[in-house]
Amino acid sequence: MKAALATYADAPVWADAPDQAAGPDLVAVSMRAVPLHNLARGIADGRHYAAPAAPGFVIGVDGVGVTEDGRRVYVAAPGTAAPTVAVPASALVEVPDALDDLQAAAAVNAVMSSWMAMTVRTRVRPGQTVLVLGATGGSGRPAVAVARHLGARVIAAGRNADVLATVGADATIDLGAPEAEIAEALRREKIDVVVDYLWGRPAELTLAALEKRGPSEFVQIGTMAGAEIALTGALLRSTDIRLLGSGFGSFTAQEVAAARPHILAAVVELGIAMDVTAVPAESVAEVWRADTAGSRVVLTL
């Protein structure tokens, strides 16, 4: 069997890999679509805290496939970028008929980040105001829809003004504007929850705007604008604010598993559509560093 294997030195390669034998407690799944989102890429490159110590493993952490009895399922397990995988039944969720393979594969991880942030790490309530930092990204756009689904008023902040106008937010903040204008726009709002995909300077400006104006919760998900920030102790002492991380180390595997059917249902109910670039799995090395203009790459098998 050939599969997409991590190298750590370069892009993954399509090469020979051992066949996966299904045991009595495992279900064989023929994979059809495997997304290359940030989590999958980080592990495959050895950059993520969940990455194995050495390369040579089959990449992919989720995807969509078909079981031997014909069920179309979302698979959440390591090593999905292979023609066939053998996984526990608990790793499978049936895919709604309304979602095709590519959309289901691309959407779950994108929606999961905000779903877990707003329903597990904190609980967004109707009537609250949620600020999405990075609302023009592949995960930020669905986050706006999830926040509205939970009954919140949503402020979308991002650098792409054209995309900001299309995300369905109640208000927008252009992060490409001068910092004084961004700070003023943030100070005009009473923000209850921040869902942050950026960190870096946008997070610094947002936290400064929240000073002495709590209660607020700041949920950190991604670091697209920088891995570190400057944060004064005085801000934390003077403000009723909770800083929370949201990722696979901050909620349990059971919580994630319980959320997946709800996430798939929400993708259908909210009409979330991902911008997908489908690429044959054997071309993984060619697409690994390619600029896909913000589109989600999904490997097809």
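Is phenylalanine 218 buried or exposed? Select phenylalanine 218: its relative accessibility is 1%, so the residue counts as buried. Buried means under 20% relative accessible area, exposed means over 50%, and partly exposed lies in between (1.4 Å probe, protein chains only).

The model is predicted: local features need pLDDT of at least 70 and side-chain atom pairs count only at pLDDT 80 or more, while totals for chains, interfaces and linings use all residues. Residues are numbered from 1 along each chain as its sequence is written, and side-chain values use heavy atoms, with hydrogens and water left out.

**Stop 1: strand S12**

Select residues 216-220, which form strand S12. Helices (H or I, at least four residues) and strands (E, at least two) are DSSP runs, numbered from the N terminus. Five of the five residues in S12 are buried. In a regular strand the side chains alternate between the two faces of the sheet. On one side of S12 are Ser216, Phe218 and Gln220, and on the other are Glu217 and Val219.

**Stop 2: the strands beside S12**

Now show S11 (193-196). Two strands pair if DSSP finds at least two bridges between them. S11 and S12 run parallel and are joined by four bridges. To find the partners, select valine 193, which stands opposite glutamate 217 in S12, then aspartate 196, whose bridge partner in S12 is glutamine 220. Between these strands the chain passes through H6, in a β-α-β crossover that is right-handed. Right-handed means that, with the strands pointing away from the viewer, the path from the first strand over the helix to the second runs clockwise.

S11 is also covered on both faces, with Val193 and Val195 buried on one side and Val194 and Asp196 buried on the other. Four bridges join S11 to S8, and these strands run parallel. Select leucine 131 to see the residue opposite valine 194.

Next add strand S13 (residues 241-245), which runs parallel to S12 and is joined to S12 by five bridges. Valine 219 stands opposite leucine 244 here. Together with helix H7 (residues 233-238), S12 and S13 make a right-handed β-α-β unit.

**Stop 3: isoleucine 191**

Select isoleucine 191, in the loop between helix H5 (179-187) and S11. Its relative accessibility is 3%, so isoleucine 191 counts as buried. Contact means heavy atoms within 4.5 Å. Not counting residues up to four places away in sequence, isoleucine 191 touches Thr129, Leu131, Ile155, Leu186, Leu210, Pro215 and Ser216. Glycine 138 is 53 residues from isoleucine 191 in sequence and 23 Å away in space, C-alpha to C-alpha.

**Stop 4: aromatic rings**

A pair of aromatic rings is described by the distance of the centres and the angle of the planes. Rings of Phe, Tyr and Trp (its six-membered ring) pair if their centres lie within 6.5 Å; planes under 30 degrees apart count as stacked, over 60 as edge-to-face and the rest as tilted. How many aromatic pairs are there by this rule? The count is three.

For one of them, select tyrosine 8 and phenylalanine 57: the ring centres are 5.9 Å apart and the planes are at 75°, so the pair is edge-to-face. Tyrosine 8 is in the loop between strand S1 (2-5) and strand S2 (13-16), and phenylalanine 57 is in the loop between helix H1 (38-45) and strand S4 (62-67), 49 residues apart. Tyrosine 8 is partly exposed at 25% relative accessible area, whereas phenylalanine 57 is buried at 18% relative accessibility.

Then select tryptophan 199 and phenylalanine 218, an edge-to-face pair with 5.9 Å from centre to centre and 65° between the planes. Tryptophan 199 lies in the loop between S11 and helix H6 (200-210) and phenylalanine 218 in S12, so the pair ties together parts 19 residues apart in sequence. Tryptophan 199 is buried, at 15% relative accessibility.

**Stop 5: the largest nonpolar core**

A nonpolar core is a set of buried Ala, Val, Leu, Ile, Met, Phe, Trp, Tyr and Cys residues joined through side-chain atoms within 4.5 Å. The largest one has 48 residues, and Met118, Val130, Val132 and Ile263 have the most contacts inside it. Elements that give two or more residues include helix H2 (101-121), strand S8 (129-133) and helix H8 (253-270). H2 gives the largest share, twelve residues. Finish on isoleucine 263, which touches Val108, Val111, Met112 and Trp115, not counting residues up to four places away in sequence.
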